[in-house]
Amino acid sequence: MLFAGGILAGLYGSTVGSAGLVSFPLLLLIGQPIHAAIATNRFGATLLDLASAVKFHQEKKLDIRFGLLFGLTAALGALIGSNFVLNVDERYLSLMTAILLISVFLVLVFKHTLGITEKIV
């Protein structure tokens, strides 16, 4: 189950991003504690993103300068976010995570009803 979920998350993440929408709930389903699931998911996402970036770079689709700038600012946010998460009690973090996952699910399912449209570039 974990292997199949990892493949599915990798395929989803490398095409549209947000592999964590697949992998994170899977880690919780197999019984990982919330803090460990977040850390494991982030580590896996780092490897997934690196593999995708290498492929996009090989195909000349990656703007390295912009990617580095974006990556550095995202890394700062990740440091702040991980410090926050590590200081939140497991019960509250589980509740916050459940609310966030349900909210994302609802937005994805009802995006057209909510007036959210995709921009074709």
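**Close-up views of side-chain contacts**

In this predicted model, Asp89 is partly exposed, its relative accessible area being 35%. The legends below start from this residue.

**View 1. Asp89 and Arg91 are joined by a salt bridge.** The side chains of the two residues come to 3.0 Å, counted from N to O. While Asp89 is partly exposed, its partner Arg91 is exposed, with a relative accessible area of 61%.

**View 2. Arg91 also meets the ring of Tyr92.** Here we stay with Arg91 and look at its charged end, which sits over the Tyr92 ring at 5.8 Å from the ring centre. So Arg91 takes part in this contact as well as in the salt bridge with Asp89, and its 61% relative accessible area makes it an exposed residue.

**View 3. Lys55 and Glu59 form another salt bridge.** The structure holds two salt bridges, and in this one the closest N and O atoms are 3.4 Å apart. Both partners are partly exposed: Lys55 has a relative accessible area of 46%, and Glu59 has 45%.

**View 4. Phe66 and Phe70 make up the one aromatic pair of the structure.** Their ring centres are 6.4 Å apart and their planes lie at 20°, so the pair counts as stacked. Where do the two residues sit? Both belong to helix 4, which covers residues 64-86. They are four residues apart there, so about one helical turn separates them. Are these two rings' residues buried or exposed? Phe66 is exposed at 53% relative accessibility, and Phe70 is exposed too, with a relative accessible area of 54%.

Conventions
Residues are numbered from 1 along each chain as its sequence is written. This is a predicted model: local features need pLDDT of at least 70, side-chain atom pairs count only at pLDDT 80 or more; totals for chains, interfaces and linings use all residues. Side-chain values use heavy atoms; hydrogens and water are left out. Rings of Phe, Tyr and Trp (its six-membered ring) pair if their centres lie within 6.5 Å; planes under 30 degrees apart count as stacked, over 60 as edge-to-face and the rest as tilted. Helices (H or I, at least four residues) and strands (E, at least two) are DSSP runs, numbered from the N terminus. Buried means under 20% relative accessible area, exposed over 50%, partly exposed in between (1.4 Å probe, protein chains only). A charge sits over a ring if NZ of Lys or CZ of Arg is within 6 Å of the ring centre and within 35 degrees of the ring normal. A salt bridge is a side-chain nitrogen of Lys or Arg within 4 Å of a carboxyl oxygen of Asp or Glu.
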